[in-house]
Amino acid sequence: MRYTAFTSYDIVLLAQGLGVSLALFLATTIIGLFIGSLWAVIRFYRIPVLAQIVAVVAEVLKNSPVLVQLFLVFFGLPAFAKINVTPVEAAVITLSGNTAAFVYVIAVSAIESIGRDQIEAARVFGLSRWQILRRIIAPQAMAFAIGPLTGLLVNQLQVTSLISVIGVVDLTKIGNILNLRTLKPFIVWAVVGGLYYVMAKLVAFGGARLEKRLRAHTAWKGL
Amino acid sequence: MTFDLTILAPHIPFLVKGAVLTAEACVLALAGSLCIGTVVAALVTSASPLLSRIAYVYVDLFRNIPFIVQLFFFFYGLPEIGIYIDAFTTGVIALSIAGGAFTSDVIRSGILSIDPGILEAAEVSGLSKPTIFRKIVMPIALRTSVRPLGSVFVNLILTSSILSTITLNELTGSAKIVASDTFRPFEIYAVLLVAYACLTYLVSLAIGALHRYLNRDQTEAA
């Protein structure tokens, strides 16, 4: 005997899945932003061996499927290094690394977008490399990077759906469970897709607001 | 804690079979998404507000919904309305539709970057609208957007790994089987990671060369 009708409890399930997806998205975004900027700083200082390693790692992470990275961490690490990895840990490690690789690329091009003359002028004034990075480059690079970053985050939000494959009970997994119970794929997947769509739109909206604020000083104010 | 690649040797033919399936799916999906992308780009840039609105909604929806959700929608949904097709066809259709949304965006920006003077010259010459689109707009737009189209294609290859979730044994799917056969998941997935990275790197190199070749007259002028 199976119960195929929708119940009000399904809404709770969906909300729970939505919460898990959002929490993982936020956590991996913060970690990824931190690691990615750290890599960009390593490149900025041209630290010998480390900078090359970072470039290669970022390139590999960018050019391979997230699903394979997930499998490598979730199935590979326990077998190879004998460490137990829970699905959530594997998801956090993989998604953070993947986000970091893309943040690295954006951060590097944002740093390079700032004219050399500004850095030279700052050096003439006697600022240290760290002060240049902190006071001259970071504020401008931030305004430059926010557009691409928003696009990246919208993309990364969708990438979080892949973690359902290794058993994290996120929104997609809930969709799968509801689909198998109710056998109404059109309704279930349309609702799940709609929730993702709304989240993506919210991220894009937030990014646009932030960009407007960071670029306020360059905006045309009229004569 | 040993890293031993030799145990994978007997499974190489099986993996190659998976890689061929991946290649087939990607090429078919590339063709499909180019067709859809061209039509949608034409609709988006058309003068009719209704058509461009519909095309915009399509692009917006399929870009903002995760591919795995779209895939499940088609995979579980199509049999519900009486369409029984195998996993491979479903996968290629889903990839084409999702890829079409990204492709249309690239082609649209290619179309919008065409100098209006060229279009005016074509109109003055008395060419009909379909002829202008086919003979003037599309060649220029496609030529200038080869490189961005290439990165869409690379993304398509990476996305095709998701097809393994609907029981299709392409490269990732067969790697999963080998991993559970040999109990050496780390080696197999590490190799797979490098293989995908090399493959996409080669594709982007080829695309770069093609882009330079097709746009050779412009780069020399600049």
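Biologist: What makes 22 residues in the lining of the second largest pocket count as nonpolar, four as polar and one as charged?

Modeller: The residue name decides: Ala, Val, Leu, Ile, Met, Phe, Trp, Tyr, Cys and Pro are nonpolar, Asp, Glu, Lys and Arg are charged, and the others, Gly among them, are polar. This is a predicted model, where local features need pLDDT of at least 70 and side-chain atom pairs count only at pLDDT 80 or more, while totals for chains, interfaces and linings use all residues. Residues are numbered from 1 along each chain as its sequence is written, chains are lettered from A and ligands numbered from 1 in the order written, and side-chain values use heavy atoms, without hydrogens and water.

Biologist: How do you know which residues of chain B are in contact with chain A?

Modeller: Contact requires heavy atoms within 4.5 Å, and 35 residues of chain B are in contact with 37 residues of chain A. Of the residues on the chain B side, 23 are nonpolar, eight polar and four charged.

Biologist: Why is the pair B:Asp60 and A:Lys201 called a salt bridge?

Modeller: A salt bridge needs a side-chain nitrogen of Lys or Arg within 4 Å of a carboxyl oxygen of Asp or Glu. The closest N and O atoms of B:Asp60 and A:Lys201 are 2.9 Å apart, so the pair meets that rule. The count between chain B and chain A is one salt bridge.

Biologist: What makes about 3200 Å² the buried area of chain B and chain A?

Modeller: Buried area is the accessible area (1.4 Å probe) that two parts lose on being put together, summed over both, and therefore the value of about 3200 Å² covers both chains. Of this area, 78% is on carbon and sulfur atoms.
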